[in-house]
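Q: Could you take me through one helix of this protein up close, and then show me how the rest of the chain is built around it? I work at the bench, so please explain the terms as you go.

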Amino acid sequence: MSPTPAAVIVLSAGDGTRMRSSINKALHRIGGRPLVAHALYAATGTGAAHVSVVVRAQRDAVAEAARAVDPDVLIADQDEVYGTGRAVECALAVLPSDLQGTVLVITGDTPLLTAQTLSDLTRHHESTDAVATVVTGIVPDAAGYGRIVRGADGTVQAIVEHKHATPEQREIGEFNSGLFAFDAGHLRDTIGQIEVHGEGGEKYLTDVVGAVVGQGHSVSAYVLDDLWQTEGVNDKAQLARLGKELNRRIVDRLMTESGAVVIDPDTTWVDMDVSVGRDTVIEPGTQLRGATTIGADCTIGPDSTLTDMEIGDGAKVVRTHAELSVVGPGASVGPFAYLRPGTELGADSKIGTFVEAKNSTIGKGSKVPHLSYVGDATIGERSNIGAASVFVNYDGVTKHRSYVGNDCRMGSDNMYVAPVTVGDGAGSGAGAVIRKDVPPGALAISVAAQRNIEGWALQKRPGTAQAEAAEAALRDRGDAAPATKDEAL
């Protein structure tokens with residue numbers, strides 16, 4: 001059983017000026033989640049009794065994003081004293097004063113950090129006599145990072161920032177990740193004793209490590225091999241790089257754990273909350289966003305973007321943009337289809353090429369194969385809607401709903417002027433404008449008798465290719481001379 005920390009503190013108060021954005025760094029998104037949400041999922045995944053997020057810049061927006069993950073998260077406001085040490089001090093103020101056990105401190109901009117790693121850190125920390133543990137990594141060149149200076153017994157003696165490091169210390173490859181575990185009591189006793197530095201008036205959390213060592217206590221290091229989990233986001237280039245690595249891990253998990261088939265992982269983008277069933281094939285150029293769930297034995301893509309979709313087993317969705325809709329088992333969508341919110345396709349139904357649907361229900365086995373718009377409509381089972389049909393749902397003020405029953409055979413180029421109901425087993429002719437209800441089994445037509453105006457092309461388009469072709473055809477057929485101008489009207 002994994003040990004449980006008493007609390008996790010998430011540091012997310014920074015301005016993030018290097019992002020060069022009007023959006024707080026904590027709110028930039030990868031994998032379908034803002035950065036602070038990634039940190040919160042890792043924190044809450046440990047089972048900690050208390051989770052606190054330290055906020056300042058764009059305070060309300062960051063707090064809202066945190067509460068979207070954990071409604072019980074404790075919000076700590078950092079004042080005008082800057083620095084990680086002050087941030088932790090503010091977080092401790094909202095945690096229980098008698099808190100005992102391990103307190104983890106993580107940053108809100110390390111989106112690849114996992115709950116498992118935090119649990120492992122807790123286990124490591126509690127297995128030693130240390131009152132503080134720093135998560136470290138080892139690289140060939142740690143330029144820019146704080147260096148871990150160890151004693152002869154392997155314990156951490158100091159964390160030296162790069163700018164203050166001696167030439168010998170700069171040769172050290174072990175760096176400070178900014179992630180820590182502390183004994184709650186020692187942290188509370190020590191944090192208030194550290195000094196404010198420089199003109200900016202900052203308090204550094206790393207000073208706690210030095211203070212603990214000065215008190216004669218032990219500080220350990222937990223070396224993390226997966227350095228991606230320690231990397232934070234400082235600018236949009238790092239955001240993109242971490243987003244790509246996160247996506248690679250998500251796609252790998254779909255294949256190795258869920259049994260999906262991803263044809264081209266490099267062009268497939270999947271959010272954290274997406275699930276895909278076994279033997280579903282995801283073709284290149286596909287984006288699966290939000291809380292999309294896809295069943296088994298489906299074909300998705302290529303070139304499809306699905307957001308918050310529910311796709312049933314065996315469905316096929318090709319070159320489609322769709323959101324907040326349901327595609328039933330065995331249904332077929334696309335290519336070049338657009339499913340807008342509120343669309344629900346029954347089992348074995350079909351939305352075909354260049355079809356748009358919105359707030360509509362298409363029953364089991366029904367088809368809308370070509371070039372149509374279905375808006376605010378309910379279509380029963382086993383019905384067929386002819387090509388180039390439009391459900392005219394808006395009268396300029398209010399939207400209305402149309403109903404087509406079961407086993408209907410509707411003609412091409414139909415206009416359904418809502419509200420209107422077509423009964424079971426009814427049909428319609430091509431070009432019908434359906435303004436009135438159609439009784440069950442009836443055929444709706446709304447066409448006038450065809451009238452041909454002889455000689456029109458010769459009289460109205462003289463000298464054109466159209467007129468010349470008509471004249472040649474008439475001559476070849478041996479027809480009488482074209483009608484006069486008066487006759488052609």
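Here is a close look at one helix, followed by some other spots and the chain as a whole.

Q: Which residues of helix H5 are buried, and what do they pack against?

A: Happy to help! A word on the ground rules: this is a predicted model, in which local features need pLDDT of at least 70 and side-chain atom pairs count only at pLDDT 80 or more, while totals for chains, interfaces and linings use all residues. Residues are numbered from 1 along each chain as its sequence is written, and side-chain values use heavy atoms, with hydrogens and water left out.

Helix H5 covers residues 184-191, and its buried residues are Ala 184, Leu 187, Thr 190 and Ile 191. Helices (H or I, at least four residues) and strands (E, at least two) are DSSP runs, numbered from the N terminus. Buried means under 20% relative accessible area, exposed means over 50%, and partly exposed is in between, with a 1.4 Å probe and protein chains only. Viewed down the axis of H5, the buried residues fall within an arc of 140°, so they line one face of the helix. The arc is that of the directions from the helix axis to the C-beta atoms. As background, an α-helix has 3.6 residues a turn, so residues three or four places apart point the same way.

That buried set packs against helix H3 (84-94), strand S6 (102-107), S10 and helix H6 (206-214). Thr 190, in helix H5, counts as buried at 1% relative accessibility. Neighbours within four places in sequence aside, Thr 190 is in contact (heavy atoms within 4.5 Å) with Val 208, Ala 211, Val 212 and Gln 215.

Strand S10, one of the packing partners of H5, also takes part in an aromatic pair. The structure holds four such pairs; rings of Phe, Tyr and Trp (its six-membered ring) pair if their centres lie within 6.5 Å, and planes under 30 degrees apart count as stacked, over 60 as edge-to-face and the rest as tilted. In one of them, the ring centres of Tyr 145 and Phe 175 are 4.5 Å apart with the planes at 35°, so this pair is tilted. Tyr 145 sits in the loop between strand S7 (132-138) and strand S8 (147-150), while Phe 175 belongs to strand S10 (residues 174-183), 30 residues apart. Phe 175 is buried at 3% relative accessibility, whereas Tyr 145 is partly exposed at 38%.

Helix H2 (residues 59-69) offers another buried residue to look at, Val 62, with 0% relative accessibility. Not counting residues up to four places away in sequence, Val 62 touches Ser 12, Asn 24, Ala 26, Leu 27, Val 36, Val 55 and Ala 57.

Stepping back, the chain has ten helices and 37 strands. Its radius of gyration is 33 Å, well over the 23 Å that the globule rule gives for 489 residues, so the chain is more spread out than a compact globule. That radius is taken over C-alpha atoms, and the rule is 2.2 Å times the number of residues to the power 0.38. Along the principal axes, the C-alpha atoms fill a box of roughly 115 × 50 × 45 Å. Buried residues make up 47% of the 489 residues.
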